Amino acid sequence: MLPAVVKLCCGISYPHVRSMTGLRRAAVAALGQELSHLQSEGHITCPVWSSMRRSWSQKFYNPVETQSAAVGHEDVFYLRQGEEALNEALEIVESTDGWKLDLAENGDVIYSKVLKGNRKVFRLEAELDASPEELYEILFLRVEEMHRWNPSITSIRVLKQVGRNTVVTHEVSAETAGNLIGQRDFLSVRHSSRSGSRVYLGGAATRFESVPPQPGFVRAEDGPTCIILHALPHHSGKSRFIWLLNMDVKGWLPKSLVNKALPRAQLDFTKHLRHHLTAQTQTQEKSRT
C-alpha cells in the first residue's frame, strides 16, 4: 500500500502503502505539479484487453498470525482491515469488465474504470528492472525511506507494527507548486501477503487515536488499493508491476481534474522508482569494485 505507493503513492503504498505505494500518496502530492500536463492531450488506441485471468484473486489470510495469543483486540482490528482491503482490491483488479485505456507512456499503461458511487480507479501496468523481493523491500519494509527518492512525499512514519505483515502508517505529501491544492496527509493500514512467487501489497484508510486530522492539512483517504509484483518469465531479475490506485483526495478540487491528474502521478511515481533502482544498482556495482 500511496514517496510511499501514491501514492503509490504516495503509496501502494504498500510498504504499508498507504500501495499502495507509497503509491497512493505520491499521486495526491503530485496533483498540483501535474496540472501543467493537462494542457495537452494525445489520441491513443486502446489495445485489446487480455483475456487471461490472473491468479491474484485468491484470498490471502494469515491464520497463524491472526490466531496468535499475543495479538490484542486493536491488533486484530488492523490485521483484519488490512486483509480485507487487499482482498477487495484484488477483486477490483481481477474484474475484466469496464476497464478503458486512460494513458500510455514509455511502455507503461494505465487503465481506468468507474466503480459504484461514481469512484474512478486506475490500474497501472509496467515492467521494472528489479525482482519482486527487491521491490517488496523498497515499497514495504523500507517504506519510511521513500521520501529520499520520491519528491512527492515529505515523510512516511510507521506508527504501529502488527505481526510481520501489517503496519499502520502516517504519510505527509510534499507541498505542490504554488500551494494550489495544499498538503495532504494519510493515515493508512498496509498489509503484505505472498502466494508462490507473487507478492501482494494492500491497504486502506484507517484510524489511529493518537494521530487525529492535522491542522493545515487535508486528510485524504485511499483504498482499498493494492500492488502486485511477480517475476517475468525467464527474467527473475525483472518484475511485472501492477498498481491499483483508489483514492479520495478530499478538498475542493473538481473530480474531473483529479481524475486526469492521478494517472499522470502514477507515471511520475514509476519514473522516480526506476531512477531509484538504477542508482541502487550503480551503488552496488561500485561496492564490488
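This note goes through strands, core, pocket and some single residues of a predicted model.

1. Strand β6. Residues 184-195 form strand β6, and 10 of its 12 residues are buried. On one side of the account is strand β5 (residues 166-173), which runs antiparallel to β6 and is joined to it by 7 bridges. Within this pairing, valine 167 stands opposite arginine 190 of β6.

2. The β6-β7 hairpin. Strand β7 (residues 198-205) also runs antiparallel to β6, here with 8 bridges. Arginine 194 and valine 199 of β7 face each other as partners. The hairpin leaves 2 residues between the strands, and glycine 196 takes a positive phi near 65° there.

3. A parallel partner. β6 has a further pairing with strand β8 (residues 218-219), in the parallel sense and over 2 bridges. The bridge partner of arginine 184 in β8 is valine 218.

4. Strand β3. Because 7 of its 9 residues are buried, β3 is largely enclosed by the rest of the structure. Strand β2 (residues 108-114) pairs with β3 in the antiparallel sense over 6 bridges, and serine 112 stands opposite phenylalanine 122 in β3. These two strands form a hairpin with 5 residues between them, and glycine 117 in the turn has a positive phi of about 90°.

5. β3 and β11. Another antiparallel pairing of β3 is with β11, through 7 bridges. Here glutamate 125 has isoleucine 242 of β11 as its bridge partner.

6. The largest nonpolar core. This core holds 36 residues, of which Leu139, Phe241, Phe269 and Leu273 touch the most other members. Elements that each supply at least two of its residues are β3 (120-128), α5 (132-141), β4 (153-162), β7, β10 (225-232), β11 (235-245) and α6. The largest share comes from α6, with 6 residues.

7. The second largest pocket. Its volume is about 220 Å³. The lining has 14 residues, and the closest to the pocket centre are Met247, Asp248, Val249, Lys255 and Val258. Two or more lining residues come from each of β12 (247-248) and α6 (255-288); α6 gives the most, with 4 residues. By class, the lining comprises 5 nonpolar, 4 polar and 5 charged residues. Helix α6 thus appears in both accounts, as the source of the largest share of the core and of the most lining residues in this pocket.

8. Serine 95. This residue lies in the loop between α4 (73-94) and β1 (100-105). Serine 95 counts as buried because its relative accessibility is 18%, under the 20% cut-off. A polar atom of its side chain lies 2.6 Å from the backbone oxygen of isoleucine 92. The side chain of serine 95 also makes a polar contact of 2.8 Å with the side chain of lysine 113.

9. Asparagine 87. Helix α4 contains asparagine 87. With a relative accessible area of 4%, asparagine 87 is buried. Its C-alpha atom is separated by 9.8 Å from that of glycine 203, although the two residues are 116 apart along the chain.

10. Backbone points to check. Most residues other than glycine have a negative phi, and most peptide bonds are trans. The following residues depart from that.

11. Proline 224. The peptide bond from glycine 223 to proline 224 is cis, with omega near -5°. Proline 224 is placed in the loop between β9 (221-222) and β10.

12. Histidine 234. Though not a glycine, histidine 234 has a positive phi of about 70°. The residue is found in the loop between β10 and β11. Its relative accessible area is 82%, so histidine 234 is exposed.

13. Lysine 250. A positive phi, near 60°, is also found at lysine 250, a residue other than glycine. Lysine 250 has its place in the loop between β12 and α6. At 31% relative accessibility, this lysine counts as partly exposed.

Terms used. Residues are numbered from 1 along each chain as its sequence is written. This is a predicted model: local features need pLDDT of at least 70, side-chain atom pairs count only at pLDDT 80 or more; totals for chains, interfaces and linings use all residues. Side-chain values use heavy atoms; hydrogens and water are left out. Buried means under 20% relative accessible area, exposed over 50%, partly exposed in between (1.4 Å probe, protein chains only). Two strands pair if DSSP finds at least two bridges between them. On a 1 Å grid over the protein atoms alone, a cavity is a set of points where a 1.4 Å probe fits but cannot get out, and a pocket is an open set with protein on both sides within 12 Å along at least five of seven lines; lining residues have an atom within 4 Å of a point. Grid points are joined across faces, edges and corners, and a volume is the space filled by probe spheres set on the points. Ala, Val, Leu, Ile, Met, Phe, Trp, Tyr, Cys and Pro count as nonpolar, Asp, Glu, Lys and Arg as charged, and the others, Gly among them, as polar. A polar contact is a pair of N or O atoms within 3.5 Å; within protein, one must be able to donate a hydrogen and the other to accept it, and residues adjacent in sequence count only if both atoms are side-chain atoms. A nonpolar core is a set of buried Ala, Val, Leu, Ile, Met, Phe, Trp, Tyr and Cys residues joined through side-chain atoms within 4.5 Å.
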